[in-house]
Amino acid sequence: MKNFTKFIFVFVLTCAVFAQKDTLSFAIVGDMMIGLNYPDNSPSLPPQDGKITFESVREVLRSADITFGNLEGVLLDSGGDPKQCSNPSVCYLFRMPERYVEHLLDAGFNLLSVANNHSGDFGDAGRRATVRVLTEAKIGFAGFETIAESYIYEKDGVRYGLVAFAPNKGTVNFNNLERAKKLISDLRNKSDIVVVSMHIGGEGPKYSNVTRQPETFVGENRGNPYEFARFAIDNGADMVFGHGPHVPRAIDIYKGKFIAYSLGNFATNASVNISGISGFAPIIKIKTDKKGNFLEGEIISAIQQGERGERRPILDKTGACIKEIKRLTEADFPETEIKINNNGKIRKKTSDSK
């Protein structure tokens with residue numbers, strides 16, 4: 001009888017484990033720069049050295065199989081080759097203490113994009129230090145040209161392939177479509193789930209809408225988010241996560257695959273404007289089947305609060321992020337196959353779910 005009971009227990013436990021593999025969960029956020037140690041004589045470090053940065057949102061972030069964000073800047077304790085800007089008034093340099101990787105780990109992040117316009121702020125030394133620190137922490141990352149273009153992260157028997165794109169020097173450039181296709185296709189052959197990150201589009205509230213046209217900002221070609229997201233899915237991506245505009249944008253699905261066009265500023269400790277919608281810090285949670293097809297999701301509203309050097313994402317009971325993303329999605333993608341309810345739940349329009 002004892003052996004039979006043990007058999008039943010093992011059988012039920014095994015079934016539960018295999019059932020979990022049929023549904024995968026993701027928590028995705030936008031830009032993160034959680035404290036500056038540059039300039040050396042005037043650092044801007046957060047309270048308690050960053051330990052409470054994710055305190056309000058930690059439980060939400062850690063509740064997913066995969067937690068993704070964009071690391072806006074480099075992890076480097078000192079030195080590097082600070083970039084020189086032609087227009088100092090719009091020049092920002094982001095260098096975070098290497099020990100802050102522990103805050104990312106504690107919050108549950110296991111995949112990061114390092115492809116953005118601040119990943120080269122401190123030259124090759126900044127990129128290589130970031131690679132070393134994230135590798136030692138066993139956090140998956142992608143986006144540096146040549147040295148870290150893609151990554152395969154394995155968890156619970158599932159292989160997640162990540163490739164991250166941006167238009168900036170030293171990053172994997174989304175304007176090179178032939179190269180982008182090869183990277184995505186290669187991951188498709190090696191991974192169960194392919195995640196594509198894109199740092200794309202203009203910056204600020206004027207760029208809240210997805211126009212489906214190429215975007216320029218400060219004279220730079222910032223790409224066509226609509227076309228590139230679909231290009232990525234056509235070539236094997238299971239989901240596309242956008243960031244760069246510093247404000248939330250619409251969400252959509254294409255061929256059953258989820259797209260977030262911009263996740264805004266999530267944890268930007270200093271220098272970045274967080275007034276109005278620029279301070280919206282949504283967390284989007286989605287569930288997919290084991291083939292990466294969207295099942296359901298949820299927008300969790302958070303807003304950055306605090307003065308310069310003290311700001312951090314705080315859960316927001318007013319649902320401001322939900323209202324904004326719902327408004328933009330209905331305006332920019334009236335034909336979309338998903339619906340955002342007032343409580344933030346994301347459902348397929350054909351679903352009878354509440």
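Buried, as used here, means under 20% relative accessible area. The model is a predicted one, and a good place to start looking at it is helix H4.

H4 takes in residues 123-137, 15 residues in total. From first C-alpha to last it reaches 22 Å, close to the 21 Å expected at 1.5 Å a residue. Quite a few of its residues are tucked away: Gly-123, Gly-126, Arg-127, Ala-129, Thr-130, Val-131, Val-133, Leu-134 and Ala-137 are buried. The cover over these buried residues includes one helix, H3 (101-107), along with strands S2 (66-71), S3 (74-75), S5 (111-113) and S6 (140-142). Just past the end of H4, Lys-138 takes a positive phi of about 65°.

Leading into that helix is the loop between S5 and H4, and this is where Asp-121 sits. Despite its loop position, Asp-121 counts as buried because its relative accessible area is 0%. Setting aside neighbours within four places in sequence, the residues in contact with Asp-121 are Asp-81, Pro-82, Lys-83, Tyr-92, Leu-93 and Phe-94. Gly-69 is not in that set; its C-alpha is 19 Å from that of Asp-121, with the two positions 52 residues apart along the chain.

Gly-69 does turn up elsewhere, as a contact of Val-29. Val-29 belongs to strand S1, residues 23-33, and its relative accessible area is 0%, so it too is buried. Beyond neighbours within four places in sequence, Val-29 touches Leu-61, Phe-68, Gly-69, Asn-70, Phe-109, Leu-263, Phe-266, Pro-282 and Ile-283. As for Gly-264, 235 residues away from Val-29 along the chain, the two C-alpha atoms are 7.7 Å apart.

Next comes a set of paired strands with S8 (residues 158-165) in the middle of the story. S8 is mostly covered, with seven of its eight residues buried. With S7 (residues 150-155), S8 pairs in the antiparallel sense over six bridges, and Tyr-151 stands opposite Leu-162 of S8. The S7-S8 hairpin has two residues between its strands, and Asp-156 there takes a positive phi near 50°. With S9 (residues 193-199), S8 pairs in the parallel sense, again over six bridges. Val-163 stands opposite Val-196 in S9. To get from S8 to S9, the chain passes through helix H5 (residues 177-190), giving a right-handed β-α-β crossover.

Further along the chain is helix H7, residues 320-332. At 1.5 Å a residue its 13 residues should span 18 Å, and the end C-alpha atoms are 18 Å apart, so the two figures agree. Its buried residues are Ala-320, Cys-321, Ile-322, Glu-324, Ile-325, Lys-326, Leu-328, Thr-329 and Asp-332. These pack against a run of strands: S13 (251-254), S16 (283-289), S17 (294-300), S18 (302-305) and S20 (338-340).

Finally, there is the matter of empty space. Rolling a probe the size of a water molecule over the atoms shows where such space is left. The structure holds one cavity of 30 Å³ or more, and the largest cavity has about 30 Å³ of space in it. Its lining is made up of Asn-117, His-199, Ile-200, Gly-201, Glu-203, Arg-222 and Gly-244.

Terms used: Residues are numbered from 1 along each chain as its sequence is written. This is a predicted model: local features need pLDDT of at least 70, side-chain atom pairs count only at pLDDT 80 or more; totals for chains, interfaces and linings use all residues. Side-chain values use heavy atoms; hydrogens and water are left out. Helices (H or I, at least four residues) and strands (E, at least two) are DSSP runs, numbered from the N terminus. The expected span of a helix is 1.5 Å times one less than its number of residues. Buried means under 20% relative accessible area, exposed over 50%, partly exposed in between (1.4 Å probe, protein chains only). Contact means heavy atoms within 4.5 Å. Two strands pair if DSSP finds at least two bridges between them. A crossover is right-handed if, with the strands pointing away from the viewer, the path from the first strand over the helix to the second runs clockwise. On a 1 Å grid over the protein atoms alone, a cavity is a set of points where a 1.4 Å probe fits but cannot get out, and a pocket is an open set with protein on both sides within 12 Å along at least five of seven lines; lining residues have an atom within 4 Å of a point. Grid points are joined across faces, edges and corners, and a volume is the space filled by probe spheres set on the points.
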